[in-house]
Amino acid sequence: MERIEHHACFDGRQDVYRHQSESLGCAMNFSIFLPAQTQKTKLPALYWLSGLTCTEQNFITKAGAQRYAAEHGLIIVAPDTSPRGDGVADDAAYDLGKGAGFYVNATRQPWASHYRMYDYIVSELPTLIEANFPVTDARSISGHSMGGHGALVLALRNPGHYRSVSAFSPIVAPSEVPWGRKAFEAYLGQDRQAWSRYDACKLVRSAEEKLPILIDQGNEDEFLETQLRPHLLEESCKAAGHPLTVRLRRGYDHSYYFIGSFIGDHMAFHASALLG
């Protein structure tokens, strides 16, 4: 690993590292916030997954989460959203290719050579983090939009791997909305069974672990009815008896102004699960 950024932040440090990923076959960046408590003890980690067009930078520079992480004693790990590099397949549109990994393991070329974000987030990255930083093996996961989709899918598919899960404005039914259908057709082909393994609304129906889900959604979000459709997850969770809290926030949109307004609630939610 190579540390490429280092900043003092709320008596801790906000760093960015670059490493060569075996899962993705390219160099990847991830950010990590280490609060002051890590000078004396190991702490649990919250993994944050960002949305379309984002890198590891968006969350750490806009959300204001470090303040709450310092107060609670949580490490925050925020990776990039896709593989990067000259040899990595891309598309001219913002919602496919670089910046739009959708946290799946692609099975179709040219994407399959690098686009294995599911394996990277579930296995490779936490192994790297836990081997090199003062972090315990207690993890939680959260994210925004495409990253909210990723957080829900990873938590639902990996019982016992995370202590808690939350999301801001997540894509809950990617099989049913334009963003998801476009990505799934490109990365996974026409196999709808393969799609269902990355669709929270379908996964919740057979989830082995009833991990409570917390979602915040702005009612002025321009993507609410076309891409996000949280009512579909509410219907699936109700049918499955899966605990879900959806808070519709009046006047808020899809931006980081929205995330910054309520990130403290989510940090407290995860701290309760991670620290008891």
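The bend at a residue is the angle between two helix axes, one fitted to the seven residues ending there and one to the seven starting there. Keep that in mind for helix H10, which bends by about 50 degrees at Phe262. What you're looking at is a predicted model. Here's a quick tour of H10, plus a look at two cysteines.

**Helix H10**
- H10 covers residues 256–275, so count 20 residues as you follow the helix along.
- From the first C-alpha to the last, H10 reaches 27 Å, close to the 28 Å expected at 1.5 Å a residue.
- Phe262, where the bend of about 50 degrees sits, is one of the buried residues of H10.
- Other buried residues in H10 include Tyr256, Phe258, Ile259, Ile263, Gly264, His266 and Met267.
- Further along the helix, His270, Ala271 and Leu274 are buried too.

**The two ends of H10**
- At the start of the helix, Ser255 has a side-chain oxygen that comes within 3.2 Å of the backbone nitrogen of Tyr257.
- Just past the other end, Gly276 takes a positive phi of about 70 degrees.

**The cysteines**
- A disulfide is a covalent bond between the sulfur atoms of two cysteines.
- How many disulfides does a search of the whole structure find? The search finds zero.
- Cys201 isn't bonded to Cys237, which holds the closest cysteine sulfur, because the two sulfurs are 7.5 Å apart and that's too far for a bond.
- For a disulfide, the sulfurs would have to be within 2.5 Å.
- Cys201 is buried, with a relative accessible area of 5%, and Cys237 is buried as well, at 2%.

Note on methods:
Residues numbered from 1 in each chain as written. Predicted model: local features only at pLDDT ≥ 70, side-chain atom pairs only at ≥ 80, totals over all residues. Heavy atoms only, no water. Buried < 20%, exposed > 50% of the residue type's maximum accessible area, 1.4 Å probe, protein only. Helix = DSSP H or I, 4+ residues; strand = E, 2+ residues; numbered from the N terminus. Expected span 1.5 Å × (residues − 1). Polar contact = N/O pair within 3.5 Å; in protein donor to acceptor, adjacent residues only side chain to side chain.
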